[in-house]
Amino acid sequence: MSFSAYKSFNTELSDKDRECLVGYFRLADTIADFIGPHCELVIHSFENFEQSVVKIINGHQTGREVGSPMTDLGLKMLRHVEKTGELTPKSYFTKNKDGALLKSTTCVLAGEGGRPIGMFCINMNLSYPFSEIMQTLMPDIAQHNGAVIENFNSNATDVITQALDNTIRDIENDPTITLKGKNKAIAKQLS
(Lines give C-alpha, C1' and ligand atoms only; values in the text may rest on other atoms or scores of the structure.)
Protein backbone atom coordinates (compact mmCIF):
# COMPACT_ATOMS: atom_id res chain seq x y z
CA MET A 1 0.00 0.00 0.00
CA SER A 2 1.43 3.42 -0.94
CA PHE A 3 1.70 6.45 1.34
CA SER A 4 -0.96 8.21 -0.69
CA ALA A 5 -3.44 5.59 0.53
CA TYR A 6 -2.60 6.69 4.08
CA LYS A 7 -3.13 10.43 3.51
CA SER A 8 -6.67 10.07 4.82
CA PHE A 9 -5.25 8.54 8.03
CA ASN A 10 -2.89 11.48 8.69
CA THR A 11 -3.94 12.85 12.05
CA GLU A 12 -4.58 16.53 12.57
CA LEU A 13 -2.52 17.29 15.68
CA SER A 14 -3.43 20.06 18.08
CA ASP A 15 -0.78 22.33 19.58
CA LYS A 16 -1.14 20.29 22.77
CA ASP A 17 -0.50 17.05 20.79
CA ARG A 18 2.66 18.53 19.24
CA GLU A 19 3.75 19.69 22.70
CA CYS A 20 3.18 16.15 23.97
CA LEU A 21 5.38 14.70 21.20
CA VAL A 22 8.14 17.20 21.95
CA GLY A 23 7.85 16.18 25.61
CA TYR A 24 9.10 12.73 24.62
CA PHE A 25 12.27 14.15 23.05
CA ARG A 26 14.06 14.35 26.42
CA LEU A 27 13.06 10.77 27.18
CA ALA A 28 14.59 9.68 23.86
CA ASP A 29 17.77 11.64 24.64
CA THR A 30 17.93 10.04 28.09
CA ILE A 31 17.51 6.47 26.81
CA ALA A 32 20.06 7.05 24.02
CA ASP A 33 22.56 8.42 26.53
CA PHE A 34 21.96 5.43 28.82
CA ILE A 35 22.19 2.68 26.19
CA GLY A 36 24.75 4.22 23.85
CA PRO A 37 25.53 4.60 20.15
CA HIS A 38 24.36 1.12 19.12
CA CYS A 39 20.77 2.07 19.87
CA GLU A 40 18.57 4.20 17.62
CA LEU A 41 15.61 6.07 19.09
CA VAL A 42 12.88 7.43 16.84
CA ILE A 43 9.75 9.47 17.48
CA HIS A 44 7.20 9.43 14.67
CA SER A 45 4.29 11.82 14.29
CA PHE A 46 1.04 10.61 12.74
CA GLU A 47 0.54 14.07 11.27
CA ASN A 48 2.37 13.20 8.04
CA PHE A 49 3.36 9.60 7.25
CA GLU A 50 5.61 10.71 4.39
CA GLN A 51 7.75 12.73 6.83
CA SER A 52 6.81 11.14 10.14
CA VAL A 53 10.23 11.15 11.87
CA VAL A 54 10.25 14.22 14.12
CA LYS A 55 13.12 13.10 16.41
CA ILE A 56 15.89 10.58 15.82
CA ILE A 57 19.05 9.76 17.72
CA ASN A 58 21.75 7.51 16.27
CA GLY A 59 20.00 7.49 12.90
CA HIS A 60 23.16 6.00 11.40
CA GLN A 61 21.81 2.61 12.53
CA THR A 62 19.08 2.69 9.84
CA GLY A 63 20.18 5.61 7.69
CA ARG A 64 17.18 7.74 8.63
CA GLU A 65 16.92 11.36 9.71
CA VAL A 66 14.27 13.87 10.77
CA GLY A 67 11.73 14.04 7.93
CA SER A 68 12.08 10.38 6.93
CA PRO A 69 8.86 8.46 6.29
CA MET A 70 7.07 5.91 8.45
CA THR A 71 8.23 2.33 7.78
CA ASP A 72 5.98 -0.31 6.27
CA LEU A 73 5.94 -2.15 9.61
CA GLY A 74 5.00 1.09 11.38
CA LEU A 75 2.04 1.50 9.02
CA LYS A 76 1.03 -2.11 9.66
CA MET A 77 1.20 -1.53 13.43
CA LEU A 78 -0.93 1.59 13.06
CA ARG A 79 -3.59 -0.38 11.16
CA HIS A 80 -3.55 -2.98 13.96
CA VAL A 81 -4.03 -0.27 16.61
CA GLU A 82 -6.89 1.27 14.65
CA LYS A 83 -8.62 -2.12 14.27
CA THR A 84 -8.09 -3.44 17.79
CA GLY A 85 -7.38 -0.40 19.97
CA GLU A 86 -4.45 -2.38 21.45
CA LEU A 87 -1.60 -0.06 22.45
CA THR A 88 0.68 -2.62 24.14
CA PRO A 89 4.35 -2.21 23.12
CA LYS A 90 5.73 -5.07 21.03
CA SER A 91 9.34 -6.23 20.76
CA TYR A 92 10.45 -7.79 17.50
CA PHE A 93 13.56 -8.54 15.43
CA THR A 94 14.21 -6.96 12.05
CA LYS A 95 17.15 -6.07 9.80
CA ASN A 96 18.32 -2.70 8.57
CA LYS A 97 19.13 -2.13 4.89
CA ASP A 98 22.72 -3.28 5.49
CA GLY A 99 21.43 -6.60 6.87
CA ALA A 100 22.34 -5.89 10.51
CA LEU A 101 20.08 -7.59 13.06
CA LEU A 102 18.05 -5.17 15.19
CA LYS A 103 15.98 -5.86 18.27
CA SER A 104 13.20 -3.30 18.24
CA THR A 105 10.22 -2.20 20.23
CA THR A 106 7.48 0.26 19.38
CA CYS A 107 5.08 2.10 21.64
CA VAL A 108 2.12 4.12 20.38
CA LEU A 109 2.05 7.60 21.88
CA ALA A 110 -1.26 9.08 22.97
CA GLY A 111 -2.13 12.75 22.85
CA GLU A 112 -5.11 14.84 23.85
CA GLY A 113 -8.08 12.65 24.71
CA GLY A 114 -5.93 9.50 24.54
CA ARG A 115 -5.94 9.31 20.74
CA PRO A 116 -2.82 7.96 18.98
CA ILE A 117 -0.56 10.77 17.75
CA GLY A 118 2.75 9.02 17.13
CA MET A 119 5.14 6.18 17.90
CA PHE A 120 8.21 5.87 20.11
CA CYS A 121 10.62 3.29 18.65
CA ILE A 122 13.85 1.79 19.96
CA ASN A 123 16.13 -0.16 17.61
CA MET A 124 19.15 -1.89 19.16
CA ASN A 125 21.76 -2.98 16.60
CA LEU A 126 22.87 -6.48 17.63
CA SER A 127 25.39 -6.94 14.81
CA TYR A 128 28.23 -5.41 16.81
CA PRO A 129 30.39 -7.72 18.93
CA PHE A 130 28.74 -8.19 22.31
CA SER A 131 31.88 -6.93 24.07
CA GLU A 132 31.64 -3.63 22.15
CA ILE A 133 27.99 -3.18 23.10
CA MET A 134 28.76 -4.02 26.73
CA GLN A 135 31.69 -1.59 26.78
CA THR A 136 29.26 1.30 26.21
CA LEU A 137 27.31 0.16 29.28
CA MET A 138 30.33 -0.23 31.56
CA PRO A 139 32.22 2.57 33.30
CA ASP A 140 35.76 3.45 32.37
CA ILE A 141 38.03 2.14 35.17
CA ALA A 142 39.23 5.69 35.92
CA GLN A 143 35.64 6.91 36.16
CA HIS A 144 34.51 3.89 38.18
CA ASN A 145 36.62 4.89 41.20
CA GLY A 146 34.82 8.25 41.31
CA ALA A 147 31.36 6.75 40.75
CA VAL A 148 28.40 8.57 42.21
CA ILE A 149 26.95 6.81 45.22
CA GLU A 150 23.18 6.53 45.12
CA ASN A 151 21.16 4.87 47.84
CA PHE A 152 18.19 2.84 46.71
CA ASN A 153 16.05 2.54 49.82
CA SER A 154 12.45 1.49 50.19
CA ASN A 155 11.34 4.30 52.51
CA ALA A 156 12.00 8.01 52.96
CA THR A 157 13.36 7.71 56.52
CA ASP A 158 16.19 5.46 55.31
CA VAL A 159 16.99 7.88 52.47
CA ILE A 160 17.20 10.83 54.90
CA THR A 161 19.27 8.86 57.42
CA GLN A 162 21.67 7.70 54.69
CA ALA A 163 22.02 11.25 53.30
CA LEU A 164 22.73 12.59 56.79
CA ASP A 165 25.30 9.84 57.50
CA ASN A 166 27.04 10.44 54.14
CA THR A 167 27.16 14.20 54.70
CA ILE A 168 28.60 13.84 58.21
CA ARG A 169 31.20 11.33 56.97
CA ASP A 170 32.22 13.56 54.03
CA ILE A 171 32.58 16.66 56.25
CA GLU A 172 34.45 14.79 59.00
CA ASN A 173 36.90 13.37 56.41
CA ASP A 174 37.52 16.75 54.74
CA PRO A 175 40.88 18.01 56.04
CA THR A 176 40.21 21.52 54.71
CA ILE A 177 37.41 22.10 57.23
CA THR A 178 38.49 23.06 60.74
CA LEU A 179 37.15 21.17 63.75
CA LYS A 180 35.21 24.28 64.76
CA GLY A 181 33.68 24.65 61.29
CA LYS A 182 32.50 21.05 60.84
CA ASN A 183 29.05 21.47 62.44
CA LYS A 184 28.46 24.65 60.43
CA ALA A 185 29.55 22.85 57.22
CA ILE A 186 27.22 19.93 57.95
CA ALA A 187 24.26 22.26 58.54
CA LYS A 188 25.08 24.22 55.38
CA GLN A 189 25.40 21.03 53.29
CA LEU A 190 22.04 19.72 54.51
CA SER A 191 20.14 23.00 53.96
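**Figure 1. Overview of the predicted model, whose protein chain comprises 6 helices and 5 strands.** The structure shown here is a predicted model, and its elements, read from the N terminus onward, follow the order α-β-β-α-β-β-β-α-α-α-α. The protein chain has 191 residues, of which 33% are buried. Among the contacts in the chain with a separation of 6 or more, 47% are accounted for by residues 24 or more positions apart.

**Figure 2. Close-up of the largest nonpolar core, a set of 16 residues.** Within this core, the residues that touch the most other members are Leu 21, Ala 28, Leu 41, Ile 43, Leu 109, Phe 120 and Ile 122. Two or more residues are contributed by each of the elements α1 (15-35), β1 (39-45) and β5 (116-125), and α1 gives the most, with 5 residues. As a general background to this view, nonpolar side chains in soluble globular proteins tend to be buried together.

**Figure 3. Close-up of Leu 109 and the residues that it touches.** When residues up to four places away in sequence are not counted, Leu 109 touches Leu 21, Tyr 24 and Ile 43, and also Arg 115, Pro 116, Ile 117, Gly 118, Met 119 and Phe 120. A second, separate core of 14 residues includes Met 119, together with Ile 56, Met 70 and Leu 78.

**Figure 4. Close-up of the packing of helix α5 against helix α6.** Two packed helices are described by the angle between their axes and by the distance between those axes. Helix α5 (residues 156-172) and helix α6 (residues 182-190) pack at an angle of about 140°, and their axes are 10 Å apart; α5 and α6 are therefore oblique to each other. The crossing of these two helices, α5 and α6, is right-handed. On the α5 side the contact is made by Leu 164, Thr 167, Ile 168, Ile 171 and Glu 172, while on the α6 side it is made by Lys 182, Ala 185, Ile 186, Gln 189 and Leu 190. Sorted by character, the residues of the contact of α5 with α6 comprise 6 nonpolar, 2 polar and 2 charged.

**Figure 5. Close-up of Pro 37, in the loop between α1 and β1.** Pro 37 counts as partly exposed because its relative accessibility is 39%. Once its neighbours within four places in sequence are left aside, Pro 37 is in contact with Asn 58, His 60, Gln 61 and Thr 136. Although Pro 37 and Asn 125 are 88 residues apart along the chain, their C-alpha atoms are separated by 9.2 Å.

**Figure 6. Close-up of Asn 58, in the loop between β2 (53-57) and α2 (72-84).** Most residues other than glycine have a negative phi, whereas Asn 58, which is not a glycine, has a positive phi of about 60°. The relative accessible area of Asn 58 is 19%, so this residue counts as buried, the cut-off for that term being under 20%. Asn 58 is also one of the residues in contact with Pro 37.

**Figure 7. Close-up of Thr 11, in the segment before α1.** Thr 11 has a relative accessibility of 17% and therefore counts as buried. Leaving aside neighbours within four places in sequence, the residues in contact with Thr 11 are Phe 46, Glu 47, Arg 115 and Pro 116. Arg 115 and Pro 116 are also among the residues that Leu 109 touches.

Notes: Residues numbered from 1 in each chain as written. Predicted model: local features only at pLDDT ≥ 70, side-chain atom pairs only at ≥ 80, totals over all residues. Heavy atoms only, no water. Core = buried A, V, L, I, M, F, W, Y, C linked by side-chain atoms within 4.5 Å. Buried < 20%, exposed > 50% of the residue type's maximum accessible area, 1.4 Å probe, protein only. Helix = DSSP H or I, 4+ residues; strand = E, 2+ residues; numbered from the N terminus. Contact = heavy atoms within 4.5 Å. Axes fitted to C-alpha atoms, helices over the stretch in contact; angles between N-to-C directions. Parallel < 35°, antiparallel > 145°, perpendicular 65-115°, else oblique. Left-handed = near helix turned anticlockwise from the far one by under 90°. Nonpolar A, V, L, I, M, F, W, Y, C, P; charged D, E, K, R; others polar.
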